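Have your viewer ready and keep the selection tool at hand. We will go from stop to stop, and at each one you will hear what to select and what is there.

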Amino acid sequence: MYFYVLVGLTEDLLILIMAYDRYVAICDPLHYHYVLSIKNCLLLASCTWLSGSLNSLVFTIPASHMSFCHSRIIHQFFCDAKAVINISCAGSIEFYIVIYLELLVYGFFPVVFSLISYVKIIGVILQIKSKDGRKKAFSTCSSHLTIIIMYYMTGVSVYMMPPSGHSNVLEPVLTALYAVITPMINPLIYSLRNKDVKRALLKKIGVKQNIEH
């Protein structure tokens with residue numbers, strides 16, 4: 001649970017930082033190399049991992065004090081918060097408080113700030129008079145925006161899905177999509193911006209297309 005929470009929370013923060021990166025690149029390009037210098041990027045990366053590590057301790061310590069009197073079998077392929085709560089019978093109050101704080105700090109705020117960034121980004125892009133300029137600006141944000149939609153939509157489907165008779169089947173499937181499939185296709189989505197990757201992919205599927213350098 002510690003490592004699952006660590007990578008999950010760290011990805012939330014990285015997605016937020018990437019949204020800020022796109023915001024600075026499009027809305028304030030002249031100050032991009034100053035705002036996101038190598039020193040600042042290393043500082044952001046270090047703070048992200050440190051925050052995720054410390055926060056995972058806050059998350060797992062209350063979980064270690066919970067009692068499981070009904071069953072010790074978790075209907076999931078790893079120990080996530082929802083699976084543990086479903087089989088707990090005592091000591092879950094502190095755990096619920098931590099979960100609500102986590103959803104607020106690492107769920108609600110990153111989503112809101114990312115959306116605000118993209119609202120401003122879209123506003124700036126729409127003011128670009130050149131059609132090619134607008135297309136190029138949108139292309140720099142499309143991959144990250146796709147990741148945001150996939151990551152948060154699958155996460156919401158897992159943790160906000162109401163209980164039903166098919167929960168034991170749906171939850172593992174949706175969780176696999178959220179925790180395994182989405183991270184696996186992230187590199188593919190980002191690499192599709194690379195012209196060489198596009199050319200190789202089109203060649204594999206038998207499509208001939210000229211890609212400008």
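## First stop: a nonpolar patch

Select Leu104, Val105, Phe108, Phe109, Phe113 and Ile116: together they make a nonpolar surface patch of about 530 Å². Please keep in mind throughout that this is a predicted model.

Now colour Ile116, which lies in helix H5, residues 93–126. Is Ile116 buried, partly exposed or exposed? With a relative accessible area of 41%, Ile116 is partly exposed, because the partly exposed class runs between 20% and 50%.

Keep Phe108, Phe109 and Phe113 selected, for these three form one aromatic cluster.

## Second stop: aromatic rings

How many aromatic pairs does a search of the whole structure find? The search finds four. Go to Tyr2 and Phe3 and show their rings: the two form an edge-to-face pair, with 5.2 Å from centre to centre and 90° between the planes. Tyr2 is partly exposed, at a relative accessible area of 25%, whereas Phe3 is exposed, at 63%.

Next, return to Phe108 and Phe109. Their ring centres are 5.8 Å apart and their planes meet at 55°, so this pair is tilted. The label follows from the cut-offs, because planes under 30 degrees apart count as stacked and those over 60 as edge-to-face, with the rest called tilted. Both residues can be checked for exposure too: Phe108 counts as partly exposed at 49% relative accessibility, and Phe109 counts as partly exposed at 34%.

## Third stop: the whole chain

Clear your selection and switch to a cartoon view. How many helices and strands are there in the protein chain? You should find eight helices and zero strands. Following the chain from the N terminus, the elements run α-α-α-α-α-α-α-α.

Show the surface next. The accessible surface of the protein chain comes to about 13900 Å², and 70% of this belongs to carbon and sulfur atoms. Of the 213 residues in the chain, 32% are buried. Among the contacts with a separation of 6 or more, 66% are between residues 24 or more positions apart.

Then colour the model by confidence. The average pLDDT of the protein chain is 78, and 82% of the residues score at least 70. Where is confidence lowest, and where is it highest? It is lowest in helix H8, residues 195–204, at a mean of 69, and highest in helix H2, residues 32–35, at 90. Where pLDDT is low, the predicted coordinates should not be read in detail.

## Fourth stop: a buried threonine and a salt bridge

Select Thr10, found in helix H1, residues 2–27. Thr10 has a relative accessible area of 1%, so this residue is buried. Which residues is Thr10 in contact with, leaving aside its neighbours within four places in sequence? Display Thr48, Trp49 and Gly52 to see them.

Now select Asp21 and Arg22. A search of the whole structure finds one salt bridge, and here it is: Asp21 pairs with Arg22, with the closest N and O atoms 2.6 Å apart. Both Asp21 and Arg22 are buried.

## Fifth stop: from helix H5 to helix H6

Begin at Leu115, which is found in helix H5. Leu115 is exposed, with a relative accessible area of 51%. Try the distance tool on the C-alpha atoms of Leu115 and Leu145: these residues are 30 apart along the chain, and the atoms are separated by 9.6 Å.

Move on to Ile128, placed in the loop between H5 and H6. Ile128 is partly exposed, at 28% relative accessible area. Not counting residues up to four places away in sequence, Ile128 touches Gly133, Arg134 and Ala137.

Finish at Phe138, whose place is in helix H6, residues 131–159. Phe138 is partly exposed, with a relative accessible area of 36%. Which residues does Phe138 contact, leaving aside its neighbours within four places in sequence? Select Ile122 and Ile125 to find them. As a last distance, try Phe138 to Leu126: the two are twelve residues apart in sequence and 9.8 Å apart in space, C-alpha to C-alpha.

Definitions and conventions: Residues numbered from 1 in each chain as written. Predicted model: local features only at pLDDT ≥ 70, side-chain atom pairs only at ≥ 80, totals over all residues. Heavy atoms only, no water. Phe/Tyr/Trp six-rings, centres within 6.5 Å; stacked < 30°, edge-to-face > 60°. Buried < 20%, exposed > 50% of the residue type's maximum accessible area, 1.4 Å probe, protein only. Patch = residues over 30% accessible without salt bridge, like charges linked within 9 Å, V, L, I, M, F, W, Y side chains within 5 Å. Areas by Shrake-Rupley, 256 points an atom, 1.4 Å probe, with all protein chains shown as cover. Salt bridge = Lys/Arg side-chain N within 4 Å of Asp/Glu carboxyl O. Helix = DSSP H or I, 4+ residues; strand = E, 2+ residues; numbered from the N terminus. pLDDT = per-residue confidence, 0-100. Contact = heavy atoms within 4.5 Å.
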